[in-house]
Amino acid sequence: MERLNISNLSAYYRQLIVNKEYLVKAVDKVSLNLMEGEVLGVVGESGCGKSTLARAVMMNIIPPLEYIGGRITLTTREGNVLELNKLTRNDLKKMVWGKHVAIVPQDAMSALMPTLKIKRIAYDIVRSHEDSVDYSTVLEALRNRLTSLGLSERVADMYPFELSGGMGQRTVIAMATLLSPEVLIVDEPTSALDVLTQKTVLKTLMDLLKRKYVDSIMFISHDIATVRQVASRIAVMYAGKIVEVAPTEEILQNPLHPYTKGLMESIASLEPEVRRRGIKYIPGQPPSLINPPSGCRFADRCSFAMDICRREEPALVEVSPDHSVACWLHIRR
Amino acid sequence: MDAILRVEKLSKVFESGFIRRSLVKAVDNVSFELSEGEIVSLVGQSGSGKTTLAKIILRLLEPSSGDVWFMDKNVWKDLKTLDDLKWYWKNVHAIFQNPYASFNPFYKVDRVLNQALKLIGKEPNSEEAKRVIEESLKFVGLGPDEVLGKYPHQLSGGQLQRILIARAWIIKPKLLIADEPVSMLDVSTRGKIIELFDIMRKKYGTTILFVSHDLGISYVISDRIFVMYQGKIIEEGSPDDILLNPTHEYTKELIASVPTLYRKWSF
């Protein structure tokens with residue numbers, strides 16, 4: 001069942017540079033969906049708009065970011081359909097965020113108030129959605145959550161500084177999902193941690209799904225090797241656009257977009273076959289998002305670029321079941 | 001092959017605290033040799049002492065005990081005059097993690113190349129210098145118009161890092177110490193830097209000590225890997241040795257927890 005449907009979502013930054021206005025097209029006509037029980041990986045390099053996408057999907061739009069257009073619908077467990085882009089910020093805060101869609105942003109641990117114990121922070125979070133909730137109810141719920149996610153119950157009584165990086169990140173994830181939202185968005189949850197603790201955070205995310213504390217997860221990261229460990233499908237983002245979406249194994253074995261291919265070949269993975277073939281790179285750098293090229297945004301770096309690539313923008317088209325790609329090489333004209 | 005760099009029983013102890021002294025052994029009795037034209041990786045997680053070790057070799061940090069021998073000269077005892085030091089700087093060069101921090105934001109990027117020319121005794125304004133700069137930029141795949149005359153903030157991290165390699169190319173050091181040179185760069189551009197290291201080694205016999213926390217990259221580019229843990233080198237060997245037959249518990253755990261592209265974990 002489809003939990004979240006994003007169609008043609010655009011969100012731009014409005015920038016003022018020396019009295020001249022510029023629009024930075026960080027998320028441009030993005031369409032994606034999230035099914036129940038799945039982890040969707042969104043991968044892309046720095047500046048491709050993946051963190052902006054996370055904010056836009058929640059409709060957490062604060063200037064200079066602006067909502068330009070598109071539809072975001074969320075189907076709740078009760079079967080209600082919420083159209084996020086039509087709700088006011090106040091409604092979103094009261095009714096949607098935390099309850100139906102939650103986010104663990106990059107550097108989420110800085111959200112923990114250093115002078116308050118974890119249980120007190122959790123109480124504040126819940127209270128902002130349910131005015132009349134009492135402290136003991138929250139405390140019990142928090143303790144249950146912590147133990148079922150493999151953390152010690154004692155974490156509730158700790159101050160943030162007492163938590164290590166991995167533990168802190170898992171605690172933040174547990175608190176963000178305390179109200180069992182349908183959709184959880186995590187933005188680079190493991191990139192600040194060393195490899196040994198990364199795994200425990202990934203396990204926590206999978207536990208959330210298994211225990212149905214959340215129904216689906218959007219996992220945003222620059223690291224495909226990490227994403228592939230948990231994602232059932234992967235979407236590749238480049239310069240504000242989704243260029244390819246496919247099931248994980250399919251996109252790894254049979255990447256179609258030249259960017260996806262180049263990216264896979266650039267990854268120095270700890271595997272004998274990768275050492276044998278060596279790693280490659282993609283020449284050039286991503287275009288500026290202020291005035292992105294009119295055709296395909298990857299055309300300037302692409303070794304297969306044709307005339308049409310510079311003239312017309314390719315749409316994201318399903319070329320085989322579940323495998324969509326935005327590239328003129330694969331679109332039948 | 002002769003060893004170009006020899007590190008003997010090197011230790012660095014940091015003291016902290018005023019009343020209750022506590023000692024941290026950042027580098028603990030480390031010995032190894034590097035031969036000409038080798039790429040050797042020093043891997044370990046943050047706090048394992050790898051950067052401290054690199055700094056001691058670069059003469060940026062004095063060791064508590066032990067010796068560093070470079071081309072049969074004791075780096076911390078034999079280099080006394082400015083000329084000795086210049087000789088050392090010409091032969092031992094470094095590239096650091098954050099390219100933005102390696103450039104002075106007030107000067108144009110040309111300056112680092114000009115300084116390199118001065119170090120090898122060439123006048124930066126001469127015709128010859130111009131030619132050398134152009135050649136060096138061509139070597140790293142940058143157009144002179146693309147980067148010369150610009151300030152660091154106008155260029156990307158990958159471009160700046162390549163300018164630093166162009167500087168290394170001008171100096172042609174015997175030993176290049178690269179401390180996390182690609183970790184701040186995008187994945188799709190890392191391969192270019194790696195390729196340049198490989199050419200430096202093949203064409204000019206440069207020895208490269210590659211310091212990194214990224215076991216994947218070390219595995220792909222190195223001839224040998226040293227695994228560092230709590231200040232000690234706990235394991236060394238060829239990349240395939242380390243990957244396929246790790247002996248130390250820490251290495252085993254490290255390898256098992258690095259996510260890979262074509263293998264999926266079960267949870």
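Student: Which residue, with a positive phi, follows α1(B)?
Tutor: This is a predicted model, in which local features need a pLDDT (the predictor's confidence in each residue, from 0 to 100) of at least 70, side-chain atom pairs count only at pLDDT 80 or more, and totals for chains, interfaces and linings use all residues. Residues are numbered from 1 along each chain as its sequence is written, while chains are lettered from A and ligands numbered from 1 in the order in which they are written. Helices (H or I, at least four residues) and strands (E, at least two) are DSSP runs, numbered from the N terminus. After α1(B), a positive phi near 65 degrees is taken by Arg59(B).

Student: How many residues of α1(B) are buried?
Tutor: A residue is buried if 20 or more other C-beta atoms, placed from the backbone, lie within 10 Å of its own, exposed if 12 or fewer, and partly exposed in between. Helix α1(B) spans residues 50-57 and is mostly covered. Its buried residues include Leu53(B), Ile56(B) and Ile57(B), but also Lys50(B). Of the eight residues in the helix, the number buried is seven.

Student: Which residues does Leu155(B) touch beyond four places away in sequence?
Tutor: Leu155(B) lies in the loop between α6 (144-147) and α7 (157-171) of chain B. Because 21 other C-beta atoms lie within 10 Å, Leu155(B) counts as buried. Val109(B), 46 residues away in sequence, has its C-alpha 9.3 Å from that of Leu155(B). With contact taken as C-beta atoms, placed from the backbone, within 7 Å, Leu155(B) touches Val109(B), Val147(B), Lys150(B) and Leu160(B).

Student: What radius of gyration does chain B have?
Tutor: Chain B comes to eleven helices and ten strands. The globule rule (2.2 Å times the number of residues to the power 0.38, for a radius taken over C-alpha atoms) gives 18 Å for 267 residues, and the value for chain B is close to this, so the chain is as compact as a globular protein of that length. The radius of gyration of chain B is 19 Å.

Student: What share of the residues of chain B count as buried?
Tutor: The C-alpha atoms of chain B fill a box of roughly 55 × 50 × 45 Å along the principal axes. Among contacts between residues at least 6 apart in sequence, 67% join residues at least 24 apart. Of the 267 residues of chain B, the buried share is 41%.

Student: Which element of chain A has the highest mean pLDDT?
Tutor: Chain A has a mean pLDDT of 92, and 100% of its residues reach 70 or more. Among its elements, the lowest mean, 90, belongs to helix α10 (residues 272-277). The highest mean, 97, belongs to strand β3 (residues 39-43) of chain A.

Student: Which strands stand at the edges of the open sheet of four strands in chain A?
Tutor: This sheet runs in the order β2-β1-β4-β5 (chain A) with antiparallel pairing, where two strands pair if DSSP finds at least two bridges between them. An edge strand has a single partner, so one side of it is left without a neighbour in the sheet. The edge strands are β2 (20-35) and β5 (81-83) of chain A.

Student: How many bridges join β3(A) and β9(A)?
Tutor: Both strands belong to an open sheet of eight strands with mixed pairing, in the order β6-β7-β8-β3-β9-β10-β12-β11 (chain A). Leu40(A) has Arg233(A) of β9(A) as its bridge partner, and Gly41(A) has Ile234(A). The pairing of β3(A) with β9(A) (residues 233-238) is parallel, and its bridges number four.

Student: How many of the six residues of β9(A) are buried?
Tutor: Both faces of the strand are covered, with Arg233(A), Ala235(A) and Met237(A) on one side and Ile234(A), Val236(A) and Tyr238(A) on the other. The strand is therefore largely enclosed by the rest of the structure. Of its six residues, the number buried is six.

Student: Which residue takes a positive phi in the hairpin of β9(A) and β10(A)?
Tutor: β9(A) pairs with β10(A) (residues 241-247) in the antiparallel sense over six bridges. In this pairing, Met237(A) stands opposite Ile242(A). The hairpin has two residues between the strands, and a positive phi near 45 degrees is taken by Ala239(A).

Student: Which element gives the largest share of the side of chain A that touches chain B?
Tutor: The contact involves 33 residues of chain A and 33 residues of chain B. The elements giving two or more residues to the side of chain A are α6 (195-210), α7 (224-230), α9 (258-266) and α10 of chain A. The largest share, six residues, comes from α6(A).

Terms used
Two residues are in contact if their C-beta atoms, placed from the backbone, lie within 7 Å.
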